[in-house]
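Trainee: Got a minute? I'd like to walk through this one with you before lunch.
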Amino acid sequence: MCKRSGRLFGAPYSISTSRVAVVLNEKNIEYALRIVDTSNRGLRILKNEHKDSRYIALNPFGKTPLFQDHEVTMYESRAIIRHIAQKHDEHGPHLYGTSEKERAMVDQWLEVESQNFNPAIAPAVYQLVFAAWFGKIGDMRIVNPSIERLEKVLDVYEGQLMRTKFLAGDSVSIADLSHLPFTYYLVEHAGRDDIFFKRPHVQNWWTSIFNRPSWTSHLLKAYPKIYFNSHA
Ligand SMILES: N[C@@H](CCC(=O)N[C@@H](CS)C(=O)NCC(=O)O)C(=O)O
């Protein structure tokens with residue numbers, strides 16, 4: 001493996017794997033995607049491959065993604081993107097700030113994504129999008145409080161984005177990119193763009209990160225049919 005390459009274990013449609021893929025694309029790092037299908041539907045290879053002892057030896061929690069480069073074998077998507085952004089800081093955009101102060105703000109907003117945004121949006125996406133993948137009907141009793149919680153988080157984002165172009169300042173960072181996968185499902189698959197678009201600064205922010213080549217090229221790889229249908 002050369003210094004600017006890596007291996008990513010996961011499924012391209014998975015939230016956490018996509019979070020890492022977009023950062024690898026931003027940094028123009030070549031990576032081999034090793035498909036680990038966690039859906040238990042055996043779509044690609046072995047069912048439940050992430051529970052296989054060979055995989056558990058690399059990630060004892062049996063979750064995807066897992067990332068390897070010539071230095072590390074690691075799991076937890078947000079830790080992985082911090083590692084990639086730091087290690088390849090001089091290639092592509094500075095995704096992890098350029099000073100201690102900027103880095104502190106990136107860390108703050110990455111935590112906000114993980115601790116406030118993610119728990120708010122996830123139940124809605126599971127019910128509105130993923131339930132159908134498993135032949136179930138989404139439960140609106142779970143969706144509604146999830147959306148209410150998300151609206152409150154986005155009110156804070158609107159206030160922040162009135163002051164700065166991106167969450168942690170005027171440059172895009174891993175904190176912004178970390179929002180792409182879940183928001184993509186809610187906006188593009190569940191059609192709930194209203195929640196984002198009724199806040200003009202959140203709308204501009206979302207449009208600018210959604211249209212980054214790092215994300216569109218990931219979508220083309222992960223969901224070619226869906227992407228082409230909705231953007232034909
Ligand atoms: N906090 C972890 C979450 C990892 C996670 O939940 N991965 C999901 C796929 S997006 C998974 O492996 N699910 C299968 C399972 O839990 O068995 C991260 O950010 O990497």
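Mentor: Sure. One term before we start: two strands pair if DSSP finds at least two bridges between them. And keep in mind that this is a predicted model.

Trainee: Okay, so what stands opposite R7?

Mentor: That's Q68, in β3. R7 lies in a stretch where β1 (residues 5-10) and β3 (residues 66-68) run antiparallel, joined by three bridges.

Trainee: What's the strand order in the whole sheet?

Mentor: β2-β1-β3-β4, four strands in an open sheet with mixed pairing.

Trainee: And why is one side of β2 and of β4 left without a neighbour?

Mentor: Because β2 (30-35) and β4 (73-75) are at the edges, and each has just a single partner strand.

Trainee: How much twist from one strand to the next?

Mentor: It averages 20°.

Trainee: Which strands does α1 touch?

Mentor: α1 packs on the sheet and touches β1, β2 and β3. The direction of α1 makes about 165° with that of β1.

Trainee: Switching topic: how is the chain divided?

Mentor: Into domain 1, 5-87, and domain 2, 100-230. Their centres, taken over C-alpha atoms, are 20 Å apart.

Trainee: How many residues are in contact between the two?

Mentor: 14 from domain 1 with 15 from domain 2.

Trainee: Which elements give two or more residues on the domain 1 side?

Mentor: α1 (15-26) and α3 (77-87). α1 gives the most, eight residues.

Trainee: What classes of residue are on that side?

Mentor: Eight nonpolar, two polar and four charged on the side of domain 1 that touches domain 2.

Conventions:
Residues numbered from 1 in each chain as written. Predicted model: local features only at pLDDT ≥ 70, side-chain atom pairs only at ≥ 80, totals over all residues. Domains from an automatic or database assignment. Contact = placed C-beta atoms within 7 Å. Nonpolar A, V, L, I, M, F, W, Y, C, P; charged D, E, K, R; others polar. Axes fitted to C-alpha atoms, helices over the stretch in contact; angles between N-to-C directions.
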